[in-house]
Amino acid sequence: MISFSKALFLFSLLSTPTFGEVDGSSTCHSGSKIPGNFHGNSPTGSLVDGDYQVLIDGQPLSLSETNVLSSGTHTITVKQNAGTYMGFYIWANNANALKTSTDNSVQGGTQWRAGGKTVSCNGPKSGLTHKSSSGKTQSTGQLVMPLSGSIVIDVQMMPGITTYYHSRLVLRVEGSATSPPGTSPT
């Protein structure tokens, strides 16, 4: 039998309009860990292990090599190849890199609401995430590449409440010399 306090906690999660980190950070996070303990704190594997893809303008990105893109605005899509997922999170090390698009199931930029909290990306960071935990096969936003240099993004895909997959991608602007130091994809 479930205790009253656990039932109340579960009800509060289900009645929250977004399935964000109820006990997590109210700032953007990077890396493979998710603040708090709602989704667990260790990825199950890489996006490849979970059969996920990240696409730019409809073309799959490499999850292990640096990706070269033109500067300007692109469509970024995260996709489950078979089945559905309940949530996702993308973090970028550039405040202007990630923006919402016409996909009404996606929120983000430099500030949004999740789990009853306002999440703010302080400093040169931006993010995209889901608005609800309903099953989805893909989610879309905008990626704005600078005139030169590189952007690092962390992508976390959540098929369930306590399971997620993570990969780090390096995106370099066409004609820029190298990726930022210490940012090899994982």
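How many bridges pair β6 with strand β11, and in which sense do the two run? In this predicted model, β6 and β11 (residues 138-145) are joined by two bridges, and the pairing is antiparallel. One spot to look for is L98, whose bridge partner in β11 is L143.

Zoom out and that pair turns out to belong to an open sheet of five strands, ordered β2-β1-β4-β11-β6 with antiparallel pairing. The edges are held by β2 (59-60) and β6; each has a single partner strand, so one side of each has no neighbour in the sheet.

Now step back along the chain from β6. The loop between β5 (87-92) and β6 (98-99) is home to N94. A polar atom of the N94 side chain sits 2.7 Å from the backbone nitrogen of N96. Leaving aside residues up to four places away in sequence, N94 touches P124, K125, S126 and I151. Of these, K125 is worth a stop: its place is the loop between β9 (117-120) and β10 (126-130). K125 counts as partly exposed because its relative accessibility is 22%. Measuring C-alpha to C-alpha, K125 is 7.2 Å from W91, though 34 residues separate them in sequence.

Next, β9 itself. Its antiparallel partner is β8, and four bridges join the two. Across that pairing, W112 stands opposite V119 in β9. The hairpin of β8 and β9 has two residues between the strands, and G115 there adopts a positive phi near 60 degrees. Side chains in a regular strand alternate between the two faces of the sheet. Strand β8 (residues 111-114) has W112 and A114 on a covered face, while Q111 and R113 are on the uncovered one.

Last stop: the aromatics. How many aromatic pairs does a search of the whole structure find? The search comes back with two. Y52 and Y85 make an edge-to-face pair, with 6.1 Å centre to centre and 75 degrees between the planes. Since Y52 lies in strand β1 (residues 52-56) and Y85 in the loop between β4 (72-80) and β5, the pair ties together parts 33 residues apart in sequence. Y85 is buried, at 1% relative accessible area, and Y52 is buried too, at 4%. Y52 also forms a tilted pair with Y165, 5.8 Å centre to centre and 50 degrees between the planes. Here the parts tied together are 113 residues apart in sequence, because Y165 lies in strand β13 (residues 163-173) and Y52 in β1. Like Y52, Y165 is buried. Put the ring pairs together and you get a cluster of Y52, Y85 and Y165.

Methods: Residues numbered from 1 in each chain as written. Predicted model: local features only at pLDDT ≥ 70, side-chain atom pairs only at ≥ 80, totals over all residues. Heavy atoms only, no water. Polar contact = N/O pair within 3.5 Å; in protein donor to acceptor, adjacent residues only side chain to side chain. Contact = heavy atoms within 4.5 Å. Buried < 20%, exposed > 50% of the residue type's maximum accessible area, 1.4 Å probe, protein only. Pairing = 2+ DSSP bridges. Phe/Tyr/Trp six-rings, centres within 6.5 Å; stacked < 30°, edge-to-face > 60°.
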